[in-house]
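Please describe the internal spaces of this protein, together with the way some of its helices and strands are arranged, in a form that can be followed alongside the structure.

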Amino acid sequence: MNTITLGQFSLVYNAFSFTFATMGAATLFLWLSRSQVGPAYRTAVTISGLVCAIACYHYFRIFESWNAAYGVADGVVTTTSVAFNDAYRYVDWLLTVPLLLIELVLVMRLSQAETMSKSLRLGFAAALMIILGYPGEIAADNGARALWGTLSAIPFLYIVYELFSGLGASIERQPEAVRGLVKQARLLTFASWGFYPIVYMIPYTSLGGGAVTTGIQIGYTIADIIAKAGVGVLVYIIAVRKTAAEAQTPVAAKAHA
């Protein structure tokens with residue numbers, strides 16, 4: 001483990017604490033707001049809350065692991081005999097990343113066959129992306145990190161293709177009042193996910209030691225907040241607007257069923 005400064009330790013410590021609180025608040029908001037959307041969209045909002053709940057738990061464990069891995073005395077940070085457990089992130093992503101894509105598909109309210117097909121394909125690709133990325137994250141050398149990172153990029157590129165090509169026609173069939181929001185949710189998902197590979201490559205920069213550790217933890221944390229809490233709230237807003245639009249035009253609602 002890299003030696004870090006007190007400032008670096010505190011920055012990561014506070015980021016984990018903030019994210020833990022953010023995920024907890026987002027969970028409560030999404031679950032308590034289910035009654036504000038129509039029955040057809042409650043599963044999407046419920047899954048959004050579940051994503052944040054899973055992340056909330058894992059950030060609590062990450063926070064505990066960070067505290068156990070470092071000791072602070074007289075303004076000096078030292079490593080302990082307990083290694084920081086980065087596996088918590090990948091367990092979290094293995095559960096939440098497929099769900100993030102599924103919630104986006106569900107809120108679009110496609111046909112049952114299309115919903116099942118896209119959910120399975122995108123969910124499998126997302127899980128494969130995480131599984132392939134983990135060996136690189138814990139690799140001792142940058143060569144192995146690059147190899148597994150490249151393999152992980154293959155399902156990532158497939159997901160990007162599906163988001164912008166496979167879902168493109170489906171988005172155009174959405175009610176006009178939410179079409180822009182759905183595009184924003186898709187773009188926000190892509191932007192936040194695109195941030196993960198950038199963070200993954202930090203060890204290849206001129207940074208070293210504690211700066212690498214700090215950059216990776218802060219980078220992943222920012223991406224998690226946007227991808228989970230941010231997209232979750234956006235999914236809720238889409239569900240609310242679609243509920244209102246379909247209540248005014250029941251014929252259009254049947255067309256999307």
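## Cavity, pocket and packing

When the whole structure is searched, 1 cavity of 30 Å³ or more is found, and it should be kept in mind that this is a predicted model. The largest cavity holds about 30 Å³ of space, and its lining is made up of Phe156, Ile159, Val160, Leu163, Thr189, Phe190 and Trp193. Two helices, H5 (142-166) and H7 (176-200), each contribute at least two residues to the lining of the largest cavity, and the largest share, 4 residues, belongs to H5. Sorted by class, the lining of the largest cavity consists of 6 nonpolar residues and 1 polar residue, with no charged residues.

The second largest pocket contains about 350 Å³ of space. It is lined by 17 residues, of which Met129, Ser152, Tyr196, Pro197 and Tyr200 are the closest to its centre. Helix H3 (87-108), helix H4 (112-137), H5 and H7 are the elements that each give two or more residues to the lining of the second largest pocket. H5 provides the largest share of the lining of this pocket, with 5 residues, just as H5 provides the largest share in the case of the largest cavity. In the lining of the second largest pocket there are 13 nonpolar and 4 polar residues, while charged residues are absent.

The two spaces are set out together here.

| Space | Volume | Share from H5 | Lining by class |
|---|---|---|---|
| Largest cavity | about 30 Å³ | 4 residues | 6 nonpolar, 1 polar, no charged residues |
| Second largest pocket | about 350 Å³ | 5 residues | 13 nonpolar, 4 polar, no charged residues |

A further pair of helices can be described by the geometry of their axes. Helix H2 (residues 42-69) and helix H8 (residues 210-248) have axes that come within 9 Å of each other and cross at roughly 160 degrees. Angles over 145 degrees count as roughly antiparallel, and H2 and H8 are therefore roughly antiparallel to each other. The handedness of the crossing between H2 and H8 is left-handed.

The strands E1 (residues 70-73) and E2 (residues 76-79) form an antiparallel pair that is joined over 4 bridges. Within this pairing, Tyr70 stands opposite Thr79 of E2. The hairpin of E1 and E2 has 2 residues between the strands, and in this hairpin Asp74 adopts a positive phi near 55 degrees.

Terms used. Residues numbered from 1 in each chain as written. Predicted model: local features only at pLDDT ≥ 70, side-chain atom pairs only at ≥ 80, totals over all residues. Heavy atoms only, no water. 1 Å grid on protein atoms, 1.4 Å probe; cavity = no way out; pocket = protein on both sides within 12 Å on 5 of 7 lines; lining within 4 Å. Points joined across faces, edges and corners; volume = space filled by probe spheres on them. Nonpolar A, V, L, I, M, F, W, Y, C, P; charged D, E, K, R; others polar. Pairing = 2+ DSSP bridges. Axes fitted to C-alpha atoms, helices over the stretch in contact; angles between N-to-C directions. Parallel < 35°, antiparallel > 145°, perpendicular 65-115°, else oblique. Left-handed = near helix turned anticlockwise from the far one by under 90°.
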